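Grab a pencil and work through these exercises with the model open beside you. Try each task yourself before you read its solution.

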Amino acid sequence: MEFKEKILVLDFGSQYTQLIARRVREQKVYSEILPYNVTIDRIKEFAPKGIILSGGPSSVYDKEAPLPDKEIFNLGIPVLGICYGMQLMSHMLGGRVAKAAKREYGRAELMIDDDSDLLKGIGMKHRRGMARHAPTVVWMSHGDRIVKYPKGFAPIAHTDNSPVAAMADKQRKFFALQFHPEVAHTENGTKVLKNFVFNICKCKPLWTMKSFIETTVHEIREKVGRDKVVCAISGGVDSAVTAVLMNRAIGKQLTCIFVDNGVLRKGEAVKVETMLKKHFHMNIDCVDAAERFLKKLKNVDDPERKRKIIGNEFIHVFQEEAKKIKDAKYLAQGTLYPDVIESISFKGPSAMIKSHHNVGGLLKNMKLKLIEPLRELFKDEVRVLGRELGMPDEIINRHPFPGPGLAIRIIGAVTPVRADILRQADSIVLEEIKKAGLYDEVWQAFAVLLPIKTVGVMGDERTYENVVAVRAVKSVDGMTADWAKLPYEVLGTISNRIINEVKGVNRVVFDISSKPPSTIEWE
Ligand code: XMP
């Protein structure tokens with residue numbers, strides 16, 4: 001993507017690396033992450049107006065300490081080192097770093113010694129007409145500290161434990177922070193990053209979703225020309241936004257293929273079709289392949305086999321449909337930036353986010369070329385983009401839904417009857433959670449059909465029926481999750497409704513396990 005005002009983040013493996021790029025983008029300045037060992041030519045080609053060196057788990061004295069090309073300090077552009085980034089600046093520019101007497105982790109009070117550039121407007125309090133520095137809360141996480149700062153540098157802030165908690169070489173526009181300005185716990189962190197991006201690097205806030213759409217639409221048109229594109233729609237946010245963006249660029253040259261695999265949520269196929277067809281007037285091919293999938297899933301109770309069967313069958317169905325579209329050259333896919341970073345980045349903790357791709361095999365077999373218009377965006381940016389493209393909140397704010405669908409929520413073998421039971425129970429869970437205004441507060445909420453039967457009474461009759469478990473979790477990225485403390489009244493209504501309305505269920509239980517050690521899905 002072509003943007004002139006860019007900040008480059010070099011990744012040394014910090015869990016916060018992505019957060020740095022996101023904070024910069026929140027200021028409407030485009031930012032990308034590249035691995036620490038990227039070549040200087042690649043950096044020059046990227047042409048950033050400033051470089052941020054991320055934190056990382058290493059110590060500069062480790063044998064295999066990750067170090068960037070030293071030439072980054074000769075490019076004549078501002079550099080900001082954060083935590084490990086600060087230590088390596090010190091190490092590479094002639095200072096000295098040593099193990100701190102005490103590992104400093106968590107909250108610390110920063111005293112500002114010079115607030116002229118990077119720390120401008122931070123920690124200043126006015127009392128009785130006199131300006132004076134007051135400490136500001138910052139987030140620390142380091143085991144090493146600077147004992148001698150490099151030539152040209154001077155300390156600009158300290159804490160009780162770190163005499164050099166921030167330093168600057170104003171001449172060369174090099175700055176370094178021992179603390180993490182990108183995390184929310186650092187009181188004035190955003191202000192520090194803004195100072196770097198705007199006052200020091202002189203960037204202008206030009207990167208907006210509007211500009212992203214304009215540039216991307218232009219790029220898609222250039223790339224696709226008069227060729228045809230197919231796009232697999234899953235009902236999730238990413239594929240839907242991809243399709244709508246592609247549609248904005250190439251209209252009827254795009255055909256979306258939506259496969260009903262028999263393990264979708266209630267009313268899902270109709271909902272997706274209605275949105276894309278009625279609202280956006282798109283070409284959409286809805287394939288009812290439920291029978292095919294359910295046949296393949298017959299008597300299969302191993303979760304990984306279910307996943308494989310559904311993934312493979314999807315590829316077959318998709319291929320058959322895509323073949324009908326003459327001259328299809330491209331496959332559009334909603335790959336997001338975290339997946340891209342994961343595949344190119346330094347394998348530190350920043351590379352943890354996983355995704356599940358279902359369409360990998362399509363490219364090879366069908367000789368399609370991949371087009372990934374969201375590959376520079378984070379998840380929350382995709383939502384902003386969707387809104388900007390006029391998509392309804394109902395689609396934009398949806399909970400994630402796994403590719404293998406209800407199949408991995410029917411514990412044991414999947415049958416049409418069991419899929420129906422779960423579909424009904426699931427729809428009640430969602431309805432009641434939405435009614436209670438809790439939908440946006442939870443990451444995912446759903447029902448699971450258990451492979452056991454229990455005894456109950458209904459009227460005068462003894463019943464021996466299925467058990468449904470209700471699962472609701474809160475999470476930021478799906479990597480860890482807390483079970484959601486749903487109000488008893490909501491749980492009560494869900495339970496009553498499922499038992500009364502779903503034939504074949506006589507008991508409802510609530511899952512109170514967090515991840516780890518449990519996973520979000522039961523299979
Ligand atoms: P777990 O169960 O691993 O789930 O805690 C984390 C997130 O991933 C989703 N998930 C899947 N998504 N295909 C998908 O597309 C899968 O096979 C799959 N398994 C889990 C899950 O819904 C949660 O959001």
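**Exercise 1. Find which atoms of glutamine 444, lysine 515 and glycine 403 lie close to a ligand oxygen, and give the distances.**

Step 1. Start with glutamine 444: an N or O atom in its side chain sits 2.8 Å from an oxygen atom of the ligand. That falls inside the cut-off for a polar contact, a pair of N or O atoms within 3.5 Å; within protein, one must be able to donate a hydrogen and the other to accept it, and residues adjacent in sequence count only if both atoms are side-chain atoms.

Step 2. Go to lysine 515, where a polar side-chain atom is 2.7 Å from a ligand oxygen.

Step 3. At glycine 403 the partner is a polar backbone atom, 2.9 Å from an oxygen atom of the ligand.

Step 4. Now the cover: on its own the ligand has 490 Å² of accessible area, and the protein covers 83% of that. These areas come from the Shrake-Rupley method with a 1.4 Å probe; for residues, only the protein chains shown count as cover.

A word on the source: this is a predicted model, where local features need pLDDT of at least 70 and side-chain atom pairs count only at pLDDT 80 or more, while totals for chains, interfaces and linings use all residues. Residues are numbered from 1 along each chain as its sequence is written, and side-chain values use heavy atoms, with hydrogens and water left out.

**Exercise 2. Describe the shell of residues around the ligand.**

Step 1. Count the neighbours, taking a residue as near if one of its heavy atoms lies within 4 Å. There are 12, and the closest are Arg307, Gln444, Lys515, Ile520 and Glu521.

Step 2. Sort the shell by type: 4 nonpolar, 5 polar and 3 charged. Here Ala, Val, Leu, Ile, Met, Phe, Trp, Tyr, Cys and Pro are nonpolar, Asp, Glu, Lys and Arg are charged, and the others, Gly among them, are polar.

Step 3. Look again at Lys515: a cis peptide bond links lysine 515 to proline 516, with omega about -15°. The next bond, from proline 516 to proline 517, is cis as well, with omega near 10°. Most peptide bonds are trans.

Step 4. Place the prolines: proline 516 lies in the segment after strand E20 (505-510), and proline 517 is in the segment after E20 too. Strands (E, at least two residues) and helices (H or I, at least four) are DSSP runs, numbered from the N terminus.

**Exercise 3. Work out which strands pair with E12, and in what sense.**

Step 1. Locate strand E12 at residues 228-233; 5 of its 6 residues are buried. Buried means under 20% relative accessible area, exposed over 50%, and partly exposed in between (1.4 Å probe, protein chains only).

Step 2. One partner is strand E15 (residues 328-332), parallel to E12 over 4 bridges; for pairing, DSSP has to find at least two bridges between the strands. Valine 229 has tyrosine 330 as its bridge partner in E15.

Step 3. Strand E13 (residues 254-260) is another parallel partner, with 5 bridges. Isoleucine 233 is bridged to phenylalanine 258 in E13.

**Exercise 4. Decide whether threonine 454 and glutamate 313 are buried or exposed, and find a side-chain partner for each.**

Step 1. Threonine 454 belongs to strand E17 (residues 444-458). Threonine 454 counts as buried because its relative accessibility is 16%.

Step 2. Its side chain makes a polar contact of 2.9 Å with the side chain of arginine 507.

Step 3. Glutamate 313 sits in helix H9 (residues 303-323). With a relative accessible area of 3%, glutamate 313 is buried.

Step 4. The side chains of glutamate 313 and lysine 296 make a polar contact at 3.3 Å.

**Exercise 5. Find where lysine 202 sits, and give its phi.**

Step 1. Lysine 202 is in the loop between helix H4 (189-200) and helix H5 (209-224).

Step 2. Its phi is positive, about 60°, although lysine 202 is not a glycine. Most residues other than glycine have a negative phi.

Step 3. Check the surface: lysine 202 is exposed, since its relative accessibility is 54%.
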